[in-house]
Amino acid sequence: MGYARLLAFLAALLLPLAAGLVQAQSAASLYTGEVPVPDQSDEQRAIALKSALAQVVVKLTGDREAVNGEAVAKLIESAERYVQQYTYRQDVASVDGQALLRLSLVASFDRAALDRVLRDRGLKVWTPAARPPVVAWLALDEGSGPRLVDSGEAAARAMQQVAEQRGINLVWPRLDSPEQAQTTAQIVWEADVMTLGADAARYQTDTVLIGQLRRVGDAWTARWTLAVGGQPQPVWESRDTDLAAVLAAGAEGAVDRTRGRSTSVAEERRITNTKVWISGLQSAQDYARLFENLAGNDLVKEFQPEQAHGDGLLLKLTLNVALDRWLSYLPPDGVLRVVNAAPAVEGVEATLALNP
């Protein structure tokens, strides 16, 4: 494409695209899950909160397989510990021409706690700042020449949903006229990375997904190109009789490639055996409160009392992290507080006290 054609293309898109600016996936949405429920009973809420947290884990890591690990399974079982708030939402859907009322639970989870727990389990957390919007330019040819795929089409909505489930925003460009759409469709069909990539800055991103879809017999085939900073990545393809499935595969591929470039490095998981002295235990209730707190702490793998004297207890701990990190994570208003992180006592690596 010539320079004049590039300028004309950008000028034609300036007004409609400026109206469509989006930000990277918001932190709030990454920590929120939504699950359909049959009713508002306690039993259904407990089940839904686990499903909602599983959604959040997938979004935070960008990895659908993250929820299949044993460590994350324990986290999900404890979903109620991490929920900050939940509410119910009602929608009216049309099914076979009939209005149907649908109920969903929307739950938001503790950002700091989940980030810490996931990293301590050796998972990579995809930070919100590292999630660029992806501008989706899709051209489809059913045999009479390419046309642009509109965001309102059912298959495009399915593609958008797949991207959102994995924590990415797809941006759908808007065009004002049929003539402009026809010209742009040809640009997309030619996979003109220079032209399409040059416009990505209007969406506050440098990432563009270009898809060329055509019907071959009973199936759809698609050729996908992800361009970052004007540089195309290796091309991949998808094929299916269902157009929505083909577009979903494009979204999955874009997320995999975007995530691969920008996922933060996971903190190393480190199993630590240590001994700590805990004072301030005045009653059986205090002991019960201490043991309940340790049993519910995801960073404590095991604990075993070794010696009791006066109001204190020597505990052997097996931690999922280094001792200094575990101590740093104890909340100032929590059950335990740090007295000395490096006491001059043989066989004791830290002293703590039970808060009243």
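These legends go with several close-up views of one predicted model. Residues count from 1 along each chain as its sequence is written, and side-chain values rest on heavy atoms, with hydrogens and water left out. Because the model is predicted, local features need pLDDT of at least 70 and side-chain atom pairs count only at pLDDT 80 or more, while totals for chains, interfaces and linings use all residues.

**View 1. Here is the largest nonpolar core, with 31 residues.** A nonpolar core is a set of buried Ala, Val, Leu, Ile, Met, Phe, Trp, Tyr and Cys residues joined through side-chain atoms within 4.5 Å. (Buried means under 20% relative accessible area, exposed over 50%, and partly exposed in between, using a 1.4 Å probe and protein chains only.) The members that touch the most others are Leu138, Met159, Trp172, Leu209, Leu213, Trp224 and Leu247. At least two residues each come from strand 4 (134-141), helix 7 (154-165), strand 7 (207-216), strand 8 (219-228) and helix 10 (243-262). Helix 10 gives the largest share, 8 residues. (Helices, H or I with at least four residues, and strands, E with at least two, are DSSP runs numbered from the N terminus.) Another core, of 27 residues, lies apart from this one and includes Tyr31, Ala79, Leu114 and Leu118.

**View 2. Now zoom in on Leu209 and what it touches.** Contact here means heavy atoms within 4.5 Å. Leaving aside residues up to four places away in sequence, Leu209 touches a list that includes Val134, Trp137, Leu138, Met159, Trp224, Trp236 and Ala254.

**View 3. This one shows an open sheet of 5 strands, in the order 12-13-11-15-14.** Its pairing is mixed, where two strands pair if DSSP finds at least two bridges between them. Strand 12 (300-309) and strand 14 (336-340) are at the edges with a single partner strand each, so one side of each has no neighbour in the sheet. From one strand to the next, the twist averages 35°. (Axes are lines fitted to C-alpha atoms, for helices over the stretch in contact, and angles run from 0 to 180 degrees between N-to-C directions.) Strand 11 (272-279) and strand 15 (350-354) are parallel partners over 4 bridges, and Ile278 sits opposite Leu352 in strand 15.

**View 4. Helix 11 (284-295) packs on that sheet.** It touches strands 11, 12, 13, 14 and 15, and its direction makes about 10° with that of strand 13. Which residues of helix 11 are buried? They are Asp286, Leu290 and Leu294. Seen down the axis, these buried residues fall within an arc of 65°, so they line one face of the helix. (The arc is that of the directions from the helix axis to the C-beta atoms.) The face turned away from the buried side carries the exposed residues Ala284, Gln285, Glu292 and Ala295.

**View 5. Meet Gln307, a residue of strand 12.** Gln307 is partly exposed, at 44% relative accessible area. Trp277 is 30 residues away along the chain, yet its C-alpha atom and that of Gln307 are separated by 9.3 Å. Gln307 touches Trp277, as well as Gly312, Leu313 and Leu314, not counting residues up to four places away in sequence.

**View 6. Last up is an open sheet of 3 strands, ordered 1-3-2.** The pairing in this sheet is antiparallel. Strand 2 (83-95) and strand 3 (98-109) pair over 12 bridges, and Tyr88 has Leu105 as its bridge partner in strand 3. Helix 3 (42-61) lies across strands 1, 2 and 3, running at about 135° to strand 1.
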